[in-house]
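Biologist: Can you pull up the model? I'd like to go through the sheet and a pocket.

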Amino acid sequence: MSDDAGTDTLARTPLHDEHRALGATLVGFAGYEMPVRYAAGIMAEHTHTRAAAGLFDVSHMGQLRLTGSGAADALERLVPGDIAGLAPWAMRYTQFTDDEGGILDDLIATRTDYGVHLVVNASCKEQDIAHLERRLDAGVGLSVLSERALVALQGPRAAAVLERHAPGCTRLAFMTAGTFAIGGADALVSRCGYTGEDGFEISVPEDAAVALWRCLVAEPEVEPVGLGARDSLRLEAGLCLYGHDIDETTSPVEAGLAWSIGKRRRTGGGFPGAARIQQELAEGPKRRRVGILPDGKAPAREGTPVLDADGEEIGTVTSGGFGPTAGGPVAMGYVAAEAAEIGRPVSLLVRGKPRPAAIVKLPFVPHTYHRP
């Protein structure tokens with residue numbers, strides 16, 4: 001899960017002792033010591049999240065606050081998403097782009113009564129902070145909310161569970177947020193997640209994190225879930241992982257994220273890399289992110305070459321593994337645009353041997369987001 005060599009220099013979340021008490025296997029990830037799995041194992045955690053509710057510690061993610069009357073407009077000049085048009089307590093998935101249209105990070109922005117709340121990737125948060133400090137307008141305040149924890153409750157029973165502790169949260173629709181008192185703590189509750197399931201992310205002060213975790217994990221529908229199942233869940237849901245499926249070498253259009261760019265931004269531009277992105281929207285990109293379904297039981301891991309019928313390399317797998325709900329190996333990657341047709345047969349060069357596969361539509365498992 002990580003290139004971190006040891007744990008002695010790794011940061012810890014406020015829930016570190018809870019993970020140890022639950023028998024978690026801890027690994028280095030994005031500079032933090034994080035649970036990769038608990039006693040039940042990755043397969044059981046994955047399956048339980050799809051069937052009931054899984055609880056994830058995602059406190060390693062970066063939480064930032066932009067304040068000031070021009071906060072939304074200032075952020076919009078750094079991303080292709082429509083931020084200025086967000087209604088109060090609405091959320092937007094978007095990306096920081098560079099001047100060439102590459103993705104510096106992907107993030108969630110929430111319009112609040114004080115400005116904008118951001119959640120950014122753990123591996124990118126320091127560079128994101130520096131990027132914002134360099135490019136935000138004068139008069140827009142930037143606060144790093146390092147004193148807050150973040151947990152995710154995901155699965156078809158998540159709403160029923162959280163309603164017991166945050167009455168009224170079930171009225172939130174997908175990609176909206178609100179403030180709730182949970183156990184006496186002020187919580188920002190967002191109906192979103194990274195599994196393809198209905199669920200919530202809950203931001204609380206770090207001194208309230210243990211109490212929140214304990215009250216949720218004590219519910220009969222809830223089991224703790226580590227990074228291993230988080231990865232297999234998001235892969236089945238066709239969701240990008242920064243540093244693997246998206247990075248500075250990929251544009252939002254290539255990555256299949258054009259849906260996150262609103263009509264006004266498509267025509268008006270005004271964000272880094274707009275010229276390239278607008279051109280790709282109009283003419284199509286040279287390559288596209290696709291789902292890839294291997295034939296058989298052998299998984300295709302990141303870096304596996306994708307070959308056409310003539311044995312010529314046309315792309316590369318960026319994420320791959322076993323999909324417990326899908327019932328077999330699944331993968332995502334990039335192929336030349338002319339080879340991205342759904343149903344096209346391809347081969348995956350696994351351990352030097354071509355193995356049959358096909359280009360398929362994403363996601364592998366349907367999303368179940370709450371859209372009233």
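Modeller: What follows covers the sheet, a helix and one pocket. This is a predicted model, where local features need pLDDT of at least 70, side-chain atom pairs count only at pLDDT 80 or more, and totals for chains, interfaces and linings use all residues. Residues are numbered from 1 along each chain as its sequence is written, and side-chain values use heavy atoms, with hydrogens and water left out.

Biologist: What is the strand order in the open sheet?

Modeller: β5-β6-β7-β4-β8, with antiparallel pairing. Strands are DSSP E runs of at least two residues, helices H or I runs of at least four, numbered from the N terminus. Pairing takes at least two DSSP bridges.

Biologist: Which strands stand at the edges?

Modeller: β5 (91–97) and β8 (141–144). Each has a single partner strand, so one side of each lacks a neighbour in the sheet.

Biologist: How many bridges join β6 and β7?

Modeller: Five, linking residues 103–111 with 115–120. Ile 108 has Val 119 of β7 as its bridge partner.

Biologist: Next topic. Which pocket residues lie nearest the centre of the second largest pocket?

Modeller: Tyr 32, Ser 59, Met 61, Lys 125 and Ser 146, out of 17 lining residues. A pocket is an open set of points on a 1 Å grid over the protein atoms alone, where a 1.4 Å probe fits, with protein on both sides within 12 Å along at least five of seven lines; lining residues have an atom within 4 Å of a point.

Biologist: Which elements give two or more residues to that lining?

Modeller: β4 and α4.
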